[in-house]
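Here are my notes on the model, as numbered points. Please read them with the structure open.

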Amino acid sequence: QVQLVESGGGLVQAGGSLRLSCVASGRTFSSYAVGWFRQAPGKEREFVAGISWSAIYYADSVKGRFTISRDNAKNTVYLQMNSLKPEDTAVYYCATGPRVVRTNVREYDYWGQGTQVTVSS
């Protein structure tokens, strides 16, 4: 059984940074794509960033500010978030499932419980 656990969320002022972690058990991350998504209150869950063995993708809203990376030895994927803005406030989820990065939430089979990120102005 695949389990994903996110951590690293919190409250930060605008312009600050956070690093989210997503640790997997039951699946070797290196063989599958991992995506970070976020969901703000009253909004649909949206793609933020994704990484596979061959490619990395970012949503336009976070390009240049967020960096996704992976440590295969730890079966962990990270999301470094810099220059945070109030509009980045959301619950952040990691997910896995496809072999290549997909931006559609329906393409992912396994999800973590989410971690709250709140950016104050």
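1. First, a term. A charge sits over a ring if NZ of Lys or CZ of Arg is within 6 Å of the ring centre and within 35 degrees of the ring normal. Arg19 lies over the face of Tyr78, at 4.2 Å from the ring centre. Please keep in mind that this is a predicted model.

2. A second charge over a ring involves Arg99. Its charged end is placed over the ring of Tyr32, 4.2 Å from the centre of that ring.

3. Next, the open sheet. Four strands make it up, in the order β1-β3-β8-β7, and the pairing is antiparallel. Which strands are at the edges? They are β1 (3-7) and β7 (66-71), each of which pairs on one side only. From one strand to the next, the twist averages 15°.

4. Within that sheet, look at β7 and β8. Strand β8 covers residues 76-81, and six bridges join β7 to β8. The two run antiparallel. Asp71 is found opposite Thr76 in β8.

5. Now strand β11, residues 115-120. In a regular strand the side chains alternate between the two faces of the sheet. Which residues of β11 point to the buried face? Thr115, Val117 and Val119 do, and they are buried. Gln116, Thr118 and Ser120 point to the other face and are not buried.

6. Strand β11 pairs with β2 (residues 10-13) in the parallel sense, over four bridges. Val12 has Val119 of β11 as its bridge partner. Val119 is one of the buried residues of β11.

7. Strand β11 also pairs with β9, residues 90-96. Here the strands run antiparallel, and three bridges join them. Ala90 stands opposite Val117 in β11. Val117, too, points to the buried face.

8. Last, the aromatic rings. How many aromatic pairs does the structure hold? There are five. One of them joins Phe37 and Tyr108, and this pair is edge-to-face. The distance is 5.1 Å centre to centre, with 75° between the planes. Phe37 belongs to strand β4 (residues 34-39) and Tyr108 to the loop between β9 and β10 (110-111), so the pair ties together parts that are 71 residues apart in sequence.

9. Are Phe37 and Tyr108 buried or exposed? Both are buried. They also belong to a wider group: ring pairs link Phe37, Phe47, Tyr93, Tyr108 and Trp111 into a cluster.

Technical notes. Residues numbered from 1 in each chain as written. Predicted model: local features only at pLDDT ≥ 70, side-chain atom pairs only at ≥ 80, totals over all residues. Heavy atoms only, no water. Buried < 20%, exposed > 50% of the residue type's maximum accessible area, 1.4 Å probe, protein only. Pairing = 2+ DSSP bridges. Axes fitted to C-alpha atoms, helices over the stretch in contact; angles between N-to-C directions. Phe/Tyr/Trp six-rings, centres within 6.5 Å; stacked < 30°, edge-to-face > 60°.
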